[in-house]
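Subject: A structure for you to explore

Hi there,

I'm passing on the structure we talked about, so please open it and turn it around a little before you read on. My notes are underneath.

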Amino acid sequence: MTTTDCLFCKIVAGDIPAAKVHETATTFAFRDIGPKAAVHVLVIPKAHHADVAALANADPALAGEVLTAAAAVAEAEGLLDGGFRVIFNTGPYAGQEVFHVHAHVLGGEPLGPMISK
C-alpha cells in the first residue's frame, strides 16, 4: 500500500531523489536531509505504514526487516564500535513529522542524553 501524498512513498517510487545508503527488496535507507548527528540515516519499509505501532500490528516480519536494515546501516557506517541509536518517533508528541514509519539511525559522535529537560 502506498499513499500518493506521502513524501517517503515518493522517495521509494523514485519521484523524489534521496541519498541511498542501503536497500533490500522491502526496505530503503537514505541520509536525513537535516542530520542531527554525524551519521543520520532513515530506514523505511517500502510499504506504507503510518508509524511503528501500525507496522508492528500489520506486519511483524517487515518490522523485523526494518530493524535488520538498521543494523546493516550501522555496520556499513562504521557505528558498531562506538555505538549508535535507533529511534522511531511515533505521533506528534514524539516529534513525528512524516507519517510513514521510519527508523532514525544516529551515531558517529557522542549523542548525549536521550531527552534533555
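Below is what I found, going from the whole chain down to single residues.

Please keep in mind that this is a predicted model.

The overall picture

Let's begin with the fold. The protein chain has 3 helices and 5 strands. If you walk along the chain from the N terminus, the order is α-β-β-β-α-α-β-β.

How does the radius of gyration of the protein chain fit with that of a compact globule? For 117 residues, such a globule would come out near 13 Å, and the protein chain has 14 Å, so the two agree. Along the principal axes, the C-alpha atoms fill a box of roughly 35 × 30 × 25 Å.

Next, the inside and the outside. Of the 117 residues, 34% count as buried. The surface that the protein chain exposes is about 6,700 Å², and carbon and sulfur atoms supply 57% of that area. As for charges, there are 7 positive and 12 negative ones, and the mean positions of these two groups lie 5 Å apart.

Contacts also tell you about the fold. Taking the contacts with a separation of 6 or more, 52% are between residues 24 or more positions apart.

Two buried residues

Threonine 27 is a good place to zoom in. You will find threonine 27 in strand E2, which covers residues 27–31. Is threonine 27 buried or exposed? Its relative accessibility is 1%, and buried means under 20%, so threonine 27 counts as buried. Its side chain makes a polar contact of 2.7 Å with the side chain of threonine 24. Beyond residues up to four places away in sequence, threonine 27 touches Ile44, Pro45, Lys46, Glu65, Val66 and Ala69.

Histidine 49 sits in the loop between strand E3 (39–45) and helix H2 (52–58). With a relative accessible area of 15%, histidine 49 is buried too. Apart from its neighbours within four places in sequence, histidine 49 is in contact with several residues, including Ala54, Leu55, Leu62 and Phe99.

Two partly exposed residues

Phenylalanine 99 gives us the other side of that last contact. Phenylalanine 99 belongs to the loop between strand E4 (84–88) and strand E5 (103–107), and its relative accessible area of 41% makes it partly exposed. Setting aside neighbours within four places in sequence, the contacts of phenylalanine 99 are His48, His49, Ala50 and Gly91. Phenylalanine 99 and histidine 40, in turn, are 59 residues apart in sequence and 18 Å apart in space, C-alpha to C-alpha.

Valine 21 is in strand E1 (residues 20–23). This valine is partly exposed, at a relative accessible area of 22%. Which residues is valine 21 in contact with, leaving aside its neighbours within four places in sequence? They are Ala29, Phe30, Arg31, Val41, Val73 and Glu77. From valine 21 to leucine 80 there are 59 residues in sequence and 16 Å in space, C-alpha to C-alpha.

One exposed residue

Finally, have a look at isoleucine 33, in the loop between E2 and E3. Isoleucine 33 has a relative accessible area of 88%; exposed means over 50%, so isoleucine 33 is exposed. Between the C-alpha atoms of isoleucine 33 and alanine 19 there are 8.9 Å, with 14 residues separating the two in sequence.

Enjoy exploring, and write back with any questions!

Best wishes

Technical notes: Residues numbered from 1 in each chain as written. Predicted model: local features only at pLDDT ≥ 70, side-chain atom pairs only at ≥ 80, totals over all residues. Heavy atoms only, no water. Helix = DSSP H or I, 4+ residues; strand = E, 2+ residues; numbered from the N terminus. Rg over C-alpha atoms; globule rule 2.2 N^0.38 Å. Buried < 20%, exposed > 50% of the residue type's maximum accessible area, 1.4 Å probe, protein only. Contact = heavy atoms within 4.5 Å. Areas by Shrake-Rupley, 256 points an atom, 1.4 Å probe, with all protein chains shown as cover. Lys, Arg positive; Asp, Glu negative; His and termini not counted. Charge placed at Lys NZ, Arg CZ, Asp CG, Glu CD. Polar contact = N/O pair within 3.5 Å; in protein donor to acceptor, adjacent residues only side chain to side chain.
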